[in-house]
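Work through the following exercises with the sequence and the structure at hand. Each task is followed by a solution in steps.

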Amino acid sequence: MATEAPRRTPPPTIDEFLEMEEVSSTKHEYVAGEVYALSGATQRHNLIAGNVLALLWAAARSGGCRVYGSDMRLRIGDDAMYYPDVQVVCDPTDTEPLFTTKPCVVVEVLSPSTSSIDLREKLLLYHQIESLRAYVIVFQDQRRVIRHYRAEENAWFVALHGADSQVPFPCPEVDLTLADIYQGLD
């Protein structure tokens, strides 16, 4: 009895992914042709992300920057599409209604299910975004922030923030204290 060889379906392009995502009731991220469903976030995760979003929004509202929450997609070329927890866009040419492409700040709140992706995969891909000046990773389970930031001549550096320190953001130009980021949490 002859069997037919399995047929491989080509992975979706990023444009096909966008079409699928527009009609999906579940959010997904796209990386190199693979599509990954996102799970919901905890109350703690949402409070931290909301605090950061509110503080950055308040600092940005009188300037030319826009602050987005976790429903705005971030497109990185044709390779990836993510839903960062918070992103700041100051480039007036970044006007695509379904996603951003030129953020100056991206913030991710670590979750147990996504921490390895946020700390490795996204870090590598976010470094490819020419407009990005800071990638800020906020821990849920402890008052700790890792800030990756771009300095002169395109060099990337990392700073660890804990206890009572302040986290500088380049756009909008503001320092957020860890007390502000974790406001309302233990």
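**Exercise 1. The open sheet**

Task: In what order do the five strands of the open sheet lie, and which strands are at its edges?

Solution. The model is a predicted one. Step 1: the five strands form an open sheet in the order 2-1-5-4-7, and their pairing is mixed. Step 2: strand 2 (34-37) and strand 7 each pair on one side only, which makes them the edge strands. Step 3: look at one pair in the sheet. Strand 4 (residues 73-76) and strand 7 run parallel and are joined by two bridges. Leu74 has Thr100 in strand 7 as its bridge partner.

Task: Which strands does helix 1 touch, and which does helix 3 touch?

Solution. Step 1: helix 1 packs on the sheet and touches strand 1, strand 2, strand 4, strand 5 (80-82) and strand 7. The direction of helix 1 makes about 170 degrees with that of strand 4. Step 2: helix 3 (residues 115-126) also packs on the sheet, with contacts to strand 1, strand 4 and strand 5. The direction of helix 3 makes about 115 degrees with that of strand 5.

**Exercise 2. Aromatic rings**

Task: How are the rings of Phe17 and Tyr30 arranged: stacked, edge-to-face or tilted?

Solution. Step 1: a pair of aromatic rings is described by the distance of the centres and the angle of the planes. Step 2: rings pair if their centres lie within 6.5 Å. By this rule there are four aromatic pairs. Step 3: the ring centres of Phe17 and Tyr30 are 5.3 Å apart and the planes are at 40 degrees, so the pair is tilted. Step 4: locate the two residues. Phe17 is in helix 1 (residues 14-23) and Tyr30 in strand 1 (residues 28-31), 13 residues apart, and the pair links distant parts of the chain. Step 5: check the exposure. Phe17 has a relative accessible area of 0% and is therefore buried; Tyr30, at 4%, is buried too.

Task: Which tyrosines are linked into a cluster by ring pairs?

Solution. The cluster consists of Tyr82, Tyr126 and Tyr135.

**Exercise 3. Disulfides**

Task: How many disulfides does the whole structure hold, and which parts of the chain do they tie together?

Solution. Step 1: the search finds two disulfides. Step 2: in one of them, the sulfur atoms of Cys65 and Cys90 are 1.8 Å apart. The torsion about their S-S bond is about 100 degrees, so this disulfide is right-handed. Cys65 lies in the loop between helix 2 (43-60) and strand 3 (66-68), and Cys90 in the loop between strand 6 (86-89) and strand 7 (99-100), so the pair ties together parts that are 25 residues apart in sequence. Step 3: the sulfur atoms of Cys104 and Cys171 are 2.0 Å apart and form a disulfide. With 135 degrees about the S-S bond, this link of Cys104 and Cys171 is right-handed. Cys104 lies in strand 8 (residues 103-109) and Cys171 in the loop between strand 12 (166-170) and strand 13 (173-177), so the pair ties together parts that are 67 residues apart in sequence. Step 4: both Cys104 and Cys171 are buried, whereas Cys90 is partly exposed at 25% relative accessible area. Step 5: with the bonded cysteines numbered in sequence order, the pairing is 1-2, 3-4.

**Exercise 4. Strand 10 and its partners**

Task: How do strand 9 and strand 11 run relative to strand 10: parallel or antiparallel?

Solution. Step 1: five bridges join strand 9 (residues 134-138) to strand 10, and the two run antiparallel. Ala134 stands opposite Tyr149 in strand 10. A hairpin of five residues makes the connection between strand 9 and strand 10. Step 2: strand 10 and strand 11 (residues 156-162) also run antiparallel, joined by seven bridges. Arg144 stands opposite Gly162 in strand 11. Step 3: strand 10 (residues 144-150) is mostly covered, with five of its seven residues buried.

Task: Over which rings do the charged ends of Arg144 and Arg147 sit?

Solution. The charged end of Arg144 sits over the ring of Phe139, 4.4 Å from its centre. For Arg147 the ring is that of Tyr149, and the distance to its centre is 4.3 Å.

**Exercise 5. Unusual backbone values**

Task: Which residues other than glycine have a positive phi, and where is a cis peptide bond?

Solution. Step 1: most residues other than glycine have a negative phi, and most peptide bonds are trans. Step 2: Glu153 has a positive phi near 60 degrees. Glu153 lies in the loop between strand 10 and strand 11 and is exposed, with a relative accessible area of 79%. Step 3: Ala163 has a positive phi of about 50 degrees. Ala163 is found in the loop between strand 11 and strand 12 and is exposed at 55%. Step 4: the cis peptide bond joins Cys171 and Pro172, with omega about -10 degrees.

Terms used: Residues are numbered from 1 along each chain as its sequence is written. This is a predicted model: local features need pLDDT of at least 70, side-chain atom pairs count only at pLDDT 80 or more; totals for chains, interfaces and linings use all residues. Side-chain values use heavy atoms; hydrogens and water are left out. Rings of Phe, Tyr and Trp (its six-membered ring) pair if their centres lie within 6.5 Å; planes under 30 degrees apart count as stacked, over 60 as edge-to-face and the rest as tilted. Helices (H or I, at least four residues) and strands (E, at least two) are DSSP runs, numbered from the N terminus. Buried means under 20% relative accessible area, exposed over 50%, partly exposed in between (1.4 Å probe, protein chains only). A charge sits over a ring if NZ of Lys or CZ of Arg is within 6 Å of the ring centre and within 35 degrees of the ring normal. A disulfide is a pair of cysteine sulfur atoms within 2.5 Å. Two strands pair if DSSP finds at least two bridges between them. Contact means heavy atoms within 4.5 Å. Axes are lines fitted to C-alpha atoms, for helices over the stretch in contact, and angles run from 0 to 180 degrees between N-to-C directions.
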